[in-house]
Amino acid sequence: MREILVGPEGAGQRLDKYLQKYMARAPKSFFYKMLRKKNITCNRKKCGGGERLEEGDRIQLFLSEETIESFRREEEAGRHFPVTKLDILYEDPEVLLINKPSGMLSQRAGDGEPSLVEYLLGYLLAAGETRAEALRSFRPSVCNRLDRNTSGLVAAGKTQAALRELSLLFRERRVGKYYLCLVKGRVPQADRLSGWLIKDEKTNQVTVSRQPGEGAAEIRTSYVPLAYGADATILEVELITGKTHQIRAHLADRGHPVIGDRKYGDGGINRRYRERYGISFQLLHAWRMEFPKLSGALSGLSGRTVKAPLPENFRRVLEGEGIRMEIL
């Protein structure tokens, strides 16, 4: 018999989900059969699998060691997670808010390149806040994604409860999300845009339409001009809905593409900024999050506003163009 002590990383998970992570190679039907036969119990009691675990619970596996180990995925616990210096803007025992640099993936892609998630796990392992063994049952992760070449605020849950509550918070659009971007041309006044976005999964590119159509998702984007350069405007953009490439495509559709954007941008102005400042990425930065009143695992974020400083190369462009803003 093997007994598993549920730690803080497992609290809040359903028993069946916890078991599926602990023995990742076992079919779901195996767990329900073992639960029915009381070969798997929690706190020595028969369970159905839907029970929510609490820290300190003890799961009993009345199974042979050979059976248990045959269903384990050993490579995950032994896997090396890279360690790099993260720009952490807020941290408590439940959550992290990180200023992601441009060029870093938010989540891992198919090419195996490390992403912010892997660096997050490396940080938590090095800090002793999680263990390789614990990653079999729960993996801390990010709750919002930024494009590779968009910098700025990313929220991550360190515990199951925090990750679940953060994900719900973003899904319900209860977090105010504000971006800074430098766009082509002079934008004369604030506006609130609406439209419909269609994504091409093969090219990972989107188009914006003024009318609904098949497969289109409604998008809403609000912006306020903050300052002007000779041929550009810096905007504060509020992301009301959150779809793939929404800000970049929506502003390009209105004739004000983000400078440096190779996918939706203007080739001529991109070339000027590349030659003058070495810019090869979109000047788009997720700079502020505003959290509502919160309790439970997210109580530390209750009513907080967190800002991410602009990257140095973004600041250098603004200084070179004579663009100054009090908010920065």
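At 10% relative accessibility, T130 counts as buried, a term applied to residues under 20% relative accessible area, with exposed meaning over 50% and partly exposed in between (1.4 Å probe, protein chains only). The structure is a predicted model, in which local features need pLDDT of at least 70 and side-chain atom pairs count only at pLDDT 80 or more, while totals for chains, interfaces and linings use all residues. Residues are numbered from 1 along each chain as its sequence is written, and side-chain values use heavy atoms, with hydrogens and water left out.

T130 lies in the loop between α5 and β6 (141-142), where helices (H or I, at least four residues) and strands (E, at least two) are DSSP runs numbered from the N terminus. Leaving aside neighbours within four places in sequence, T130 is in contact (heavy atoms within 4.5 Å) with L124, L125 and L135. Although T130 and G7 are 123 residues apart in sequence, their C-alpha atoms are 9.7 Å apart in space.

For the chain as a whole, the secondary structure comes to nine helices and 14 strands, and the C-alpha trace spans about 75 × 45 × 40 Å along its principal axes. Of the 328 residues, 49% count as buried. Among the contacts in the chain with a separation of 6 or more, 66% are accounted for by residues 24 or more positions apart.

The largest nonpolar core, defined as a set of buried Ala, Val, Leu, Ile, Met, Phe, Trp, Tyr and Cys residues joined through side-chain atoms within 4.5 Å, has 30 residues, of which Y179, C181, L235, V237 and L251 touch the most other members. At least two residues of this core are supplied by each of β5 (95-100), α5 (116-126), β7 (151-157), β8 (176-184), β12 (232-239), α7 (246-253) and β13 (284-290), and the largest share, six residues, comes from α5. When neighbours within four places in sequence are set aside, L235 is in contact with Y179, L180, C181, V183, V187, Y223, V224, P225, L226 and L251. Another core, of 22 residues, lies apart from it and has L97, L153, L301 and V306 among its members.

Aromatic pairs were assigned to rings of Phe, Tyr and Trp (its six-membered ring) with centres within 6.5 Å, planes under 30 degrees apart counting as stacked, over 60 as edge-to-face and the rest as tilted; by this rule the count comes to three. The ring centres of F30 and F31 are 5.7 Å apart and their planes stand at 75 degrees, so this pair is edge-to-face. F30 is buried, with a relative accessible area of 15%, and F31 is likewise buried, at 0%. The pair formed by Y273 and Y277 is tilted, with 5.8 Å from centre to centre and 40 degrees between the planes. F30 and F31 also belong, together with F71, to one aromatic cluster. Two arginines were assigned to ring faces under the criterion that NZ of Lys or CZ of Arg is within 6 Å of the ring centre and within 35 degrees of the ring normal: R186 lies over the face of Y228 at 3.7 Å from the ring centre, and R288 over that of Y178 at 3.9 Å.

Y273 and Y277 are four residues apart in helix α8 (residues 267-277), a separation of about one helical turn. In α8, the residues I269, N270, Y273 and Y277 are buried. Seen down the helix axis, the buried residues of α8 fall within an arc of 105 degrees, so they line one face of the helix; the arc is that of the directions from the helix axis to the C-beta atoms. These buried residues pack against β8, β12 and α9 (312-320). At the start of α8, a side-chain oxygen of D266 reaches to within 3.0 Å of the backbone nitrogen of G268, and just after the helix G278 takes a positive phi of about 75 degrees.

Two further buried polar residues were examined. Q13, in the loop between β1 (2-5) and α1 (15-22), counts as buried at 1% relative accessibility. The side chains of Q13 and K21 are joined by a polar contact of 3.1 Å, the term denoting a pair of N or O atoms within 3.5 Å, of which, within protein, one must be able to donate a hydrogen and the other to accept it, residues adjacent in sequence counting only if both atoms are side-chain atoms. S222, in strand β11 (residues 217-228), counts as buried at 16% relative accessibility. Apart from neighbours within four places in sequence, S222 is in contact with D191, R192, E236, V237, E238 and I240.
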